[in-house]
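Subject: Structure handover

Hello,

Please find the structure below. My notes on what was found in it come after.

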Amino acid sequence: QRFWSRFKMFSVGAKIIKANNERPDEFESSISQAILELENSSDLKTHLRELYITAAKEVDIGGGKKAVVVFVPVPQLRQFQKIQVRLVRELEKKFSGKHIVVIAQRRILPKPTRKSRTKNRQKRPNSRTLTAVHDCILEDLVYPAEIVGKRIRVKLDCSRLIKVHLDKSQQTNVEHKTDTFAAIYKNLTGKDVTFEFPGGI
């Protein structure tokens, strides 16, 4: 209760709560404001009332274009996804057609060393490993499409390329964004990825 009253004092009606009580930057505030406007003026009101974001940033996707990554709390991801198609469409109108993606803000816990193992009795959850978090980022990125297959190709220079197969039923909804997804994934994880829509059997 005290946290919420402090939050309301800090920023009345804001739709962003950052970790460690950090102040949002100007860009994050503009995203927060846009979500607040949608909450006040659209039929998304009941859905958005309890939701907030934790961060937002612009990512260069090549050709002088930028996309927007909106980070949300992990426990709220499912609620965001229920309205994501509509929310993203409305936000993209407000931000001059820039592609917008919604990703849960997850923390990667480092691999335990012998020293940290004795100090920290708790086992690192599988969901906090680098691989698990990167897999989840990929799933969030392509929503509402589902990943139906994945292959890793090792090139001659030993670099890896992840080939991701997406559910063909969502091709018309997300195909125009696959280059954006690849650029954002590279920015967030350093990994190269391509997307395909394999035909049905």
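A residue is called buried here if its relative accessible area is under 20%. F95 has a relative accessibility of 14%, so F95 counts as buried. Please keep in mind that this is a predicted model.

Overall make-up

The protein contains eight helices and six strands. Read from the N terminus, the order of the elements is α-α-α-β-β-α-β-α-α-β-β-α-α-β. The chain has 201 residues, and 39% of them count as buried. Among contacts with a separation of 6 or more, 59% are between residues 24 or more positions apart.

Aromatic pairs

Two aromatic pairs turn up when the whole structure is searched. One of them is formed by F27 and F95: the ring centres are 6.4 Å apart and the planes stand at 65°, which is over the 60 degrees required, so this pair is edge-to-face. F27 sits in helix α2, while F95 lies in the loop between α4 and β3 (100-105). With 68 residues separating them, F27 and F95 link distant parts of the chain. The accessibility of F95 was given above; F27 is at 19%, and therefore also counts as buried under the 20% cut-off.

F181 and F195 make up another pair. Here the centres are 5.9 Å apart and the planes are at 75°, so this pair is edge-to-face too. F181 belongs to helix α8 (residues 178-189) and F195 to strand β6 (residues 192-196), with their positions 14 residues apart in the chain. F181 has a relative accessibility of 2% and so counts as buried. F195, at 12%, counts as buried as well.

T178 and its contacts

F195 comes up again in the surroundings of T178, a residue of helix α8. Leaving aside residues up to four places away in sequence, T178 touches F195 and F197. T178 has a relative accessibility of 13% and therefore counts as buried. The C-alpha atoms of T178 and T194 are 7.7 Å apart in space, and the two residues are 16 apart in sequence.

Packing of α2 against α4

How do the axes of α2 and α4 lie relative to each other, and what is the angle of their packing? Helix α2 (residues 26-41) packs on helix α4 (residues 77-94) at an angle of about 120°, and the axes are 11 Å apart. An angle of 65 to 115 degrees would count as roughly perpendicular and one over 145 as roughly antiparallel, so α2 and α4 are oblique to each other. Their crossing is right-handed.

On the α2 side the contact is made by A34, I35, E37 and L38, and on the α4 side by L87, E90, L91 and K94. By residue class, this contact of α2 with α4 has five nonpolar residues, three charged ones and no polar ones.

Q84 in α4

Helix α4 also holds Q84. Is Q84 buried or exposed? The relative accessible area of Q84 is 5%, so Q84 is buried. Apart from residues up to four places away in sequence, Q84 touches V102, D140 and Y143.

That is the end of my notes.

Regards

Key. Residues numbered from 1 in each chain as written. Predicted model: local features only at pLDDT ≥ 70, side-chain atom pairs only at ≥ 80, totals over all residues. Heavy atoms only, no water. Axes fitted to C-alpha atoms, helices over the stretch in contact; angles between N-to-C directions. Helix = DSSP H or I, 4+ residues; strand = E, 2+ residues; numbered from the N terminus. Parallel < 35°, antiparallel > 145°, perpendicular 65-115°, else oblique. Left-handed = near helix turned anticlockwise from the far one by under 90°. Contact = heavy atoms within 4.5 Å. Nonpolar A, V, L, I, M, F, W, Y, C, P; charged D, E, K, R; others polar. Phe/Tyr/Trp six-rings, centres within 6.5 Å; stacked < 30°, edge-to-face > 60°. Buried < 20%, exposed > 50% of the residue type's maximum accessible area, 1.4 Å probe, protein only.
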